[in-house]
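Colleague: Could you take me through one part of this model up close? I would love to hear how a single helix sits in its surroundings.

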Amino acid sequence: VGHAIERVAGYGTVTHGEAVAVGLVAELAWAERQGLVAEPGLASRTAALLRALGLRETVAGLPADALAQAMRHDKKARGAAVRVPVPVRVGEM
């Protein structure tokens, strides 16, 4: 998700670290909605930590379809399948 954010937002608009941080929050929120996270609330706690560190937790205005398309071109994608890391608790994927 982070690499897709960089690509869609425009390299240099969002730093790599910010994109990775925002991507992590997005992946955690998705995993929570899917019932895959062993620690409910991990996405919101991670977002709060990023805010405390002065990092972005979101990037507004990026079209979901453009992000999905960018994810299909990521190095983790295999054909039409997009592989998303799923954090289930801190330090465990």
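Modeller: Happy to! Let's take helix 3, keeping in mind that this is a predicted model. Its buried residues are Leu-42, Ala-43, Thr-46, Ala-47 and Leu-50. These residues span an arc of only 135 degrees around the axis, so they sit on the same side of helix 3. The general reason is that an α-helix has 3.6 residues a turn, so residues three or four places apart point the same way. On the face turned away from that buried side, you will find the exposed residues Leu-49 and Ala-52.

What covers the buried residues? Helix 2, residues 16-33, is part of the cover.

Now zoom in on Thr-46, which belongs to helix 3, residues 42-52. Its relative accessible area is 14%; Thr-46 therefore counts as buried, since the cut-off is under 20%. A polar atom of the Thr-46 side chain lies 2.8 Å from the backbone oxygen of Leu-42. Setting aside neighbours within four places in sequence, Thr-46 is in contact with Leu-24, Val-25 and Leu-28.

Just after helix 3 comes Gly-54, with a positive phi of about 80 degrees.

Stepping back, the protein has four helices and zero strands, and 31% of its 93 residues count as buried. Its radius of gyration is 13 Å, which agrees with the value near 12 Å for a compact globule with 93 residues. Among contacts with a separation of 6 or more, 54% join residues 24 or more positions apart.

Technical notes. Residues are numbered from 1 along each chain as its sequence is written. This is a predicted model: local features need pLDDT of at least 70, side-chain atom pairs count only at pLDDT 80 or more; totals for chains, interfaces and linings use all residues. Side-chain values use heavy atoms; hydrogens and water are left out. Helices (H or I, at least four residues) and strands (E, at least two) are DSSP runs, numbered from the N terminus. Buried means under 20% relative accessible area, exposed over 50%, partly exposed in between (1.4 Å probe, protein chains only). A polar contact is a pair of N or O atoms within 3.5 Å; within protein, one must be able to donate a hydrogen and the other to accept it, and residues adjacent in sequence count only if both atoms are side-chain atoms. Contact means heavy atoms within 4.5 Å. The arc is that of the directions from the helix axis to the C-beta atoms. The radius of gyration is taken over C-alpha atoms; the globule rule is 2.2 Å times the number of residues to the power 0.38.
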